Amino acid sequence: PLCARLVCALKQPRPAEKADAADDATSQPLRLTTRASRRMATRAAAVGYCTSPTPLAKLLSSFAARRKIWKENGSPVHATYKALITPDWMQGRTTYGGLSAALCLEGARRTLSDEGRLDLPPLRSALLNFVDAAGGAVEIDASIVRCGKAMSTVTSSVFSEGKEGRACATSGTFVFGAPRLQSKVEATRLMTPPPATLPPPAECESIFAGRFEPPGPTVLFPPTFTQHTTSLLASGPGLATAASSGDLYVWVRWKGADAGGGAGEDVSPDVSLLALADVIPPASYALFDSVAPVSSMTWQINFLDPQPVSFEGGYWLIRTRAEHARHGYSSQNMELWGAGGIAAVSRQSVAIYA
């Protein structure tokens, strides 16, 4: 099978300069409180994974409840949290859409599960609307729309202080769903898998490799937040190369990723994967003839595997395709692949200023 061949291709030493050059080896070790977690950390260290808190775990550690409104049975129907988006997560005057989405999801999870217990059903779908800039001290408002036997729906929004006061920066709707084991319909191989000829991460260069000339001081390229991830171009045109089409395969991972490809044991896997799925520029960027600003408008993502597994080294494979670009807007389709097959599919609308 394709995924097995890709896994075999990945099982080789990875040059530190390409895959792990910016991994933080000086972080303070994470406090482990059980024998099991100590054994896990020992094994992870033995194969080269970071056992220190990742930057995303550190950011989420600032997450704290400000107030809650409870229903009569004791479960929260609405909650407000606060968090701090530090400068290292920014791209110009705002953070990137994936992190805003992850903060919304974290608020939704905590509200639905009363402070983040791990007994939630899997996240099945998310719909995000990116309205305004978010950075610095933010608030996350989450409300439970419905809790059913199988599915639960939560809305969650990130608010940031703007020129006119508190303003919504990102709004999201999240649907969690338990497996419906009585269903007889199963079709898991309908999508065309990535080509088996794709080079492994060790043979790929950063998607940001090359000489880019920002058009002005307000455009930072690569964006600051990319210091926390590795993005390697496996196939397709480079960024801002005036290509005639945009169809790219990109290996992505968190720097300091855990053995499962996540952002650490303190970060829920769905939160980690949602933030990681949006770390690369839109596919239409390959059509640009120079660096220019872009801004996500909407993003709809479906999670197809409730327990996805990354490739060797914590890598995931993203395919992103530009389907249409005109009058300053583009539409793209995205696929996220892991060692077990397709993990998520999504569509995104992006405002482009090229």
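User: Which residue in the turn of the hairpin formed by strand 1 and strand 2 has a positive phi?

Analyst: The model is a predicted one, in which local features need pLDDT of at least 70, side-chain atom pairs count only at pLDDT 80 or more, and totals for chains, interfaces and linings use all residues. Residues are numbered from 1 along each chain as its sequence is written, and side-chain values use heavy atoms, with hydrogens and water left out. Strands (E, at least two residues) and helices (H or I, at least four residues) are DSSP runs numbered from the N terminus. Strand 1 and strand 2 form a hairpin with 5 residues between them, and the turn residue with a positive phi, of about 100 degrees, is G74.

User: Which residue in strand 2 stands opposite I69?

Analyst: Two strands count as paired if DSSP finds at least two bridges between them. Strand 1 and strand 2 (residues 76–85) pair over 6 bridges in the antiparallel sense. Opposite I69, in strand 2, stands H78.

User: With which side chain does that of R66 meet in a salt bridge?

Analyst: A salt bridge is a side-chain nitrogen of Lys or Arg within 4 Å of a carboxyl oxygen of Asp or Glu, and the structure holds 8 salt bridges. In one of them, the side chains of R66 and E139 meet at 1.9 Å, N to O. This pair links distant parts of the chain, 73 residues apart, with R66 in strand 1 (residues 64–70) and E139 in strand 6 (residues 136–147). The side chain that R66 meets is therefore, by the N to O distance of 1.9 Å and the limit of 4 Å, that of E139.

User: Is D141, which meets R166 in a salt bridge, buried or exposed?

Analyst: The side chains of D141 and R166 meet at 3.1 Å, N to O. The two residues are 25 residues apart, D141 in strand 6 and R166 in strand 8 (residues 165–177), and they link distant parts of the chain. Buried means under 20% relative accessible area, exposed over 50%, and partly exposed in between (1.4 Å probe, protein chains only). R166, at 38%, is partly exposed, whereas D141, at 15% relative accessibility, counts as buried.

User: Which residues are linked with R66 in a network of salt bridges?

Analyst: R66 meets E139 in a salt bridge, and E139 is buried because its relative accessible area is 14%. D141 meets R166 in another such pair. The network of salt bridges links R66 with E139, D141 and R166.

User: How many residues apart are R319 and D247?

Analyst: The side chains of R319 and D247 meet in a salt bridge at 2.7 Å, N to O. The pair links distant parts of the chain, R319 lying in strand 13 (residues 316–326) and D247 in strand 11 (residues 247–254). R319 is buried, with a relative accessible area of 15%, while D247 is partly exposed at 30%. Along the chain they are separated by 72 residues.

User: How many of the residues of helix 5 are buried?

Analyst: The expected span of a helix is 1.5 Å times one less than its number of residues. Helix 5 (residues 97–113) has 17 residues and should span 24 Å, which agrees with its end C-alpha atoms being 24 Å apart. Helix 5 is largely enclosed by the rest of the structure, because the number of its residues that are buried is 17 of the 17.

User: How far apart in space are G262 and V309, C-alpha to C-alpha?

Analyst: G262 is placed in the loop between strand 11 and helix 6, and is buried, with a relative accessible area of 13%. Leaving aside residues up to four places away in sequence, G262 touches W254, A257 and S272, where contact means heavy atoms within 4.5 Å. S272 is among the 7 buried residues of helix 6 (residues 269–276), which has 8 residues and is mostly covered. G262 and V309 are 47 residues apart in sequence, and their C-alpha distance in space is 9.4 Å.

User: What is the phi of A242, which is not a glycine?

Analyst: Most residues other than glycine have a negative phi. A240, in the loop between strand 10 (229–235) and strand 11, has a positive phi near 50 degrees and counts as buried at 15% relative accessibility. A242 lies in the loop between strand 10 and strand 11 and counts as partly exposed at 49%. The phi of A242 is also positive, at about 55 degrees.
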